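Please look through the model below slowly, with the sequence beside it, before reading the explanation that comes after it.

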Amino acid sequence: MERAKKKRSLAEKINVMRASVMGANDGILSIAGIVIGVAGATSNSNAIFLAGIAGMLAGTVSMAMGEYVSVNTQRDSERRAIEKESAALDDHYQDEFDFIQHKYMQTGIPAKLAEKATHEMLQKDGLYTAVRERYGFNPREQTSAYAAAFASMIAFPTGSILPLVSITFFPPAIKVVATVAAVIVALIITGYTAAALGNANRGRAVLRNVISGLLTMIVTYVIGSLFAH
């Protein structure tokens with residue numbers, strides 16, 4: 001029981017960390033796009049700063065509420081899956097048994113051994129085993145919607161600070177270029193961290209993150225420049 005609690009706690013922490021990293025990444029990208037776009041339209045530092053602050057406040061609320069709704073929606077779906085599988089075990093036990101046995105056999109386990117393993121797993125914890133094999137998630141692991149929302153609420157404005165401070169305090173002659181450079185460095189860090197948490201390819205994640213950031217800033221700057229003329 002204690003080991004299960006530790007595993008669940010670790011899974012929750014990883015999910016909250018992932019929400020924090022992605023929240024910071026969104027903060028960097030969103031506010032960089034806003035301030036670069038406004039900088040393309042005007043050199044007025046106050047206007048750029050106010051646009052960035054407005055974007056940061058709106059994004060913070062949006063990210064927190066979005067994370068809260070997303071996690072709750074996922075939990076509702078998982079709850080329905082658990083209820084459905086519980087009913088299936090009661091009404092169609094053999095069908096579920098055969099499904100799990102066949103799934104084990106597809107991994108190369110001999111039929112007799114797969115049958116024995118299925119029997120033991122369903123006897124030990126039938127609902128947990130059936131949900132895991134049928135739907136592919138662990139019903140014992142649940143992320144707190146409040147924790148995820150709070151993590152995003154903190155992470156988004158934290159990520160927003162970098163482009164906002166860069167565009168505001170760098171000298172006018174270099175503020176756009178300097179902000180782009182600072183944002184690229186930040187995106188490399190968040191892209192790498194997100195990939196590490198998800199056990200994904202680090203290089204590909206970083207490249208994808210940087211390209212999306214550059215495209216965002218280029219598009220908003222061009223649009224801002226068109227309005228300036």
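The paragraphs that follow take up the annotated spans, two buried residues, the aromatic pairs and the largest pocket.

Keep in mind from the start that this is a predicted model. A useful place to begin is the UniProt record, an unreviewed entry, which annotates residues 21-41, 47-70, 144-170, 176-198 and 210-228 as "transmembrane region". Two of these spans can be described further from the model itself. Residues 21-41 are 100% helix and 0% strand, with 30 Å between the C-alpha atoms at the two ends. Residues 144-170 are 93% helix and 0% strand, and here the end C-alpha atoms lie 40 Å apart.

Within helix H5, which runs over residues 145-169, you can find Pro-163. Is Pro-163 buried or exposed? Its relative accessible area is 0%, and because anything under 20% is classed as buried, Pro-163 is a buried residue. If residues up to four places away in sequence are not counted, Pro-163 touches Ile-28, Ile-31, Ala-32 and Val-35, and it also touches Thr-179 and Val-183. A separation in sequence can also be set beside a separation in space: Pro-163 and Asn-199 are 36 residues apart along the chain, and their C-alpha atoms are 28 Å apart.

A second buried residue is Gln-101, whose place is in helix H3, residues 93-106. Gln-101 has a relative accessibility of 14% and therefore counts as buried. Leaving aside neighbours within four places in sequence, the residues in contact with Gln-101 are Ala-111, Ala-114, Glu-115 and Thr-118.

Now turn to the aromatic rings, where the count comes to 2 pairs. In one of them, the ring centres of Tyr-68 and Tyr-146 are 5.4 Å apart and the ring planes meet at 55°, so the pair is described as tilted. This pair links distant parts of the chain, since Tyr-68 belongs to helix H2 and Tyr-146 to helix H5, with their positions 78 residues apart in the sequence. As for accessibility, Tyr-68 is partly exposed, with a relative accessible area of 28%, while Tyr-146 is exposed, with a value of 63%.

Tyr-93 and Phe-97 also form a tilted aromatic pair, with 6.3 Å from centre to centre and 40° between the planes. Why are these two residues about one helical turn apart? Tyr-93 and Phe-97 are 4 residues apart in helix H3, and so they are separated by about one helical turn. Tyr-93 counts as partly exposed at 34% relative accessibility, whereas Phe-97, with a relative accessible area of 9%, is buried.

The last feature to examine is empty space in the model. Rolling a probe the size of a water molecule over the atoms shows where such space is left. The largest pocket holds about 320 Å³ of space. Its lining is made up of 16 residues, and those nearest its centre are Asn-15, Val-71, Gln-74, Glu-78 and Thr-143. Which helix gives the most to this lining? Helix H1 (2-41) and helix H2 (45-91) each supply at least two of the lining residues, and H2 gives the most, with 6 residues. Sorted by class, the lining of the largest pocket contains 5 nonpolar, 6 polar and 5 charged residues.

Terms used. Residues numbered from 1 in each chain as written. Predicted model: local features only at pLDDT ≥ 70, side-chain atom pairs only at ≥ 80, totals over all residues. Heavy atoms only, no water. 1 Å grid on protein atoms, 1.4 Å probe; cavity = no way out; pocket = protein on both sides within 12 Å on 5 of 7 lines; lining within 4 Å. Points joined across faces, edges and corners; volume = space filled by probe spheres on them. Nonpolar A, V, L, I, M, F, W, Y, C, P; charged D, E, K, R; others polar. Buried < 20%, exposed > 50% of the residue type's maximum accessible area, 1.4 Å probe, protein only. Contact = heavy atoms within 4.5 Å. UniProt positions renumbered as here; feature names shortened; annotations may be inferred. Phe/Tyr/Trp six-rings, centres within 6.5 Å; stacked < 30°, edge-to-face > 60°.
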